[in-house]
Amino acid sequence: MRRPSRAPAPVQKDGPRVNEEIRNLEIQLIDQTGANLGVVKTQDAIRMAADAGFDLVEISPNTNPPVCKFLDYGKFKYSAQKKAAEARKRQKIVEIKEIKLRPMIDDHDYDVKMKAMQRFFEEGDKVKITLRYRGREMAHQEIGTRLLDRVKADVASLAKVEQDARFEGRQVVMVLAPK
């Protein structure tokens, strides 16, 4: 048995419709200076845009009638592309940096870890603090709890606790985020 032939789905174009792609009978027209020319037939508007040396670009397709404007479509697309690139450039991706501690950490080692943590906060990154217990250290968990409280107190001016300390097997995890 033969299947009925189906026409392929129309390709969805990204961006606004231009000139002959505008399918509405009438549109709300705005000229190149920004003056509102009112409701005009689409074919007349396309002709007027061509006479003025512009393209007819659909700005607001969801209104009734849709709003169209005289624009140089090449410049319009170029400026939109530049705006998107600029927005991507300004975007900051927040990373999570990890600092690993042990309950019996020495003062100098602690200071080195704190300097690294301070640098991460200044760069705008979050910090995940992992406190790992080994062997008999599990019997003295209060030492680790005191250490994490000390860390919280030392970075209170730079960061806030995003996720409080919680046990995951033989380690305690806490996440701090910059203020």
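Accessible areas here come from the Shrake-Rupley method with a 1.4 Å probe.

**Figure 1. The whole chain, as a predicted model.** With that method in hand, the protein exposes about 12700 Å², and carbon and sulfur atoms supply 51% of this area. Buried residues make up 30% of the 179 residues. The radius of gyration comes out at 31 Å, while a compact globule of 179 residues would sit near 16 Å. Measuring tape along the principal axes, so to speak: the C-alpha trace spans about 85 × 60 × 25 Å. As for charges, there are 35 positive and 27 negative ones, and their mean positions lie 5 Å apart.

**Figure 2. The order of helices and strands along the chain.** You'll count four helices and eight strands in this protein. Walk along the sequence and the pattern reads β-β-α-β-β-α-β-α-β-α-β-β. Now take the contacts between residues at least 6 apart in sequence: 54% of them join residues at least 24 apart.

**Figure 3. Strand S8, residues 171–178, and its two faces.** Is this strand buried or exposed? Eight of its eight residues are buried, so S8 is largely enclosed by the rest of the structure. Side chains in a regular strand alternate between the two faces of the sheet. Here, Gln171, Val173, Val175 and Ala177 point one way from S8, and Val172, Met174, Leu176 and Pro178 point the other way. Both sets are buried.

**Figure 4. The partners of S8: strands S6 and S7.** Start with S6, which runs antiparallel to S8 and is joined to it by six bridges. One residue pair to look for is Lys128 with its bridge partner in S8, Val175. Then turn to S7 (residues 159–168), which also pairs with S8 in the antiparallel sense, over seven bridges. In this pairing, Glu168 has Gln171 of S8 as its bridge partner. S7 and S8 form a hairpin with two residues between the strands, and Gly169 takes a positive phi near 70° there.

**Figure 5. Glu137 in its loop.** Which elements flank this residue? Glu137 is found in the loop between strand S6 (126–132) and helix H4 (141–154). Its relative accessibility is 17%, and since buried means under 20%, Glu137 counts as buried. What does Glu137 touch, leaving aside its neighbours within four places in sequence? The contacts are Arg102, Pro103, Met104 and Arg132.

Methods:
Residues numbered from 1 in each chain as written. Predicted model: local features only at pLDDT ≥ 70, side-chain atom pairs only at ≥ 80, totals over all residues. Heavy atoms only, no water. Buried < 20%, exposed > 50% of the residue type's maximum accessible area, 1.4 Å probe, protein only. Contact = heavy atoms within 4.5 Å. Rg over C-alpha atoms; globule rule 2.2 N^0.38 Å. Lys, Arg positive; Asp, Glu negative; His and termini not counted. Charge placed at Lys NZ, Arg CZ, Asp CG, Glu CD. Pairing = 2+ DSSP bridges.
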